[in-house]
Amino acid sequence: MKRGMLFTGGFALLVATGLGLWWWRFRASLVRTRRLLTYLREPQTHADWRIPARARCRDAPFLTPTEGYIGYLWGDAFRPGHRHTGIDIFGGGPNGQTPVYAAYPGELYRGADWKASLIIRHRDPLHPGRIIWTYYTHLADEQGRSLIDAAFPPGTEGVPVEAGTFLGYQGNFSGTPGRPVGVHLHFSIVRSDARGHYLDERRLENTLDPSPYLGFPLRYDQVPGDQVPTCPTAWELSEPGGHSLLRGLLGERLP
Ligand SMILES: [Zn+2]
């Protein structure tokens, strides 16, 4: 009887702790949602919240994959049992307007039935010897009509790309035709199995915190909900092909 009560008490404590932890994360994500809605209502008014595309922050190995406001971070919680596995970058324009680029050199793959997604295989610049993948999705309109560049048709296997290679455009396909999301890019870094094949991207533990790869804080608990996620110093902007480099002023306007 006593042991039973102890067990029940311990279980209740465990459940309460779990719920408390989730609520704490969920609240932070709620604040981010409010700020995102403010941006989406008037993207031009909040142009200074955007990160530039194909830009480098400090000595980060990756270039930014697109332009826009980073509405959600790695680890954000929207509903119990689900954590956000990447970052969401909202261009603020309609489908097919905001270009998406490869973040780092690698080989590109696209499944035979992938309408809106691409994945690129890389040698991990931060952990030599390891294979990682960058994943890009929502590159289709609300009906699932692809906005991916014709150079990468379904079934593409291992086509070499450079950092900054054009991949397609931001879209609003959710995976279910007729039920669109806001126009954005979901970008994540995916771990591989022992043979170098990518793991299931929908699970947080199969993905990596993108902060060290992009050079600024992008983890849910590193950026308060009311703060704009961006490079704390000036961006280094790159031209197509990654050659002529010039200093961007965008980062300097923010504290
Ligand atoms: Zn996302």
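This report walks through the overall build of one protein chain and then looks at a strand inside it.

The model is predicted, so to read it fairly, local features need pLDDT of at least 70 and side-chain atom pairs count only at pLDDT 80 or more, while totals for chains, interfaces and linings use all residues. Residues are numbered from 1 along each chain as its sequence is written.

**The whole chain**

The protein chain holds two helices and 15 strands; helices (H or I, at least four residues) and strands (E, at least two) are DSSP runs, numbered from the N terminus. Its radius of gyration is 19 Å, close to the 18 Å from the globule rule for 255 residues, so the chain is as compact as a globular protein of that length. Here the radius is taken over C-alpha atoms, and the rule is 2.2 Å times the number of residues to the power 0.38.

Of the 255 residues, 42% are buried. Buried means that 20 or more other C-beta atoms lie within 10 Å of the residue's own, with C-beta atoms placed from the backbone.

**A look at strand β9**

How many of the seven residues of β9 are buried? In this strand (residues 131-137), five are, which leaves β9 mostly covered. Strand β9 pairs with β8 and with β12; two strands pair if DSSP finds at least two bridges between them.

| Strand paired with β9 | Bridges | Direction | A bridge pair |
|---|---|---|---|
| β8 (residues 118-123) | six bridges | antiparallel | Ile119 and Tyr135 |
| β12 (residues 185-191) | six bridges | antiparallel | Thr134 and Ile189 |

Note on methods: A residue is buried if 20 or more other C-beta atoms lie within 10 Å of its own, exposed if 12 or fewer, and partly exposed in between; C-beta atoms are placed from the backbone.
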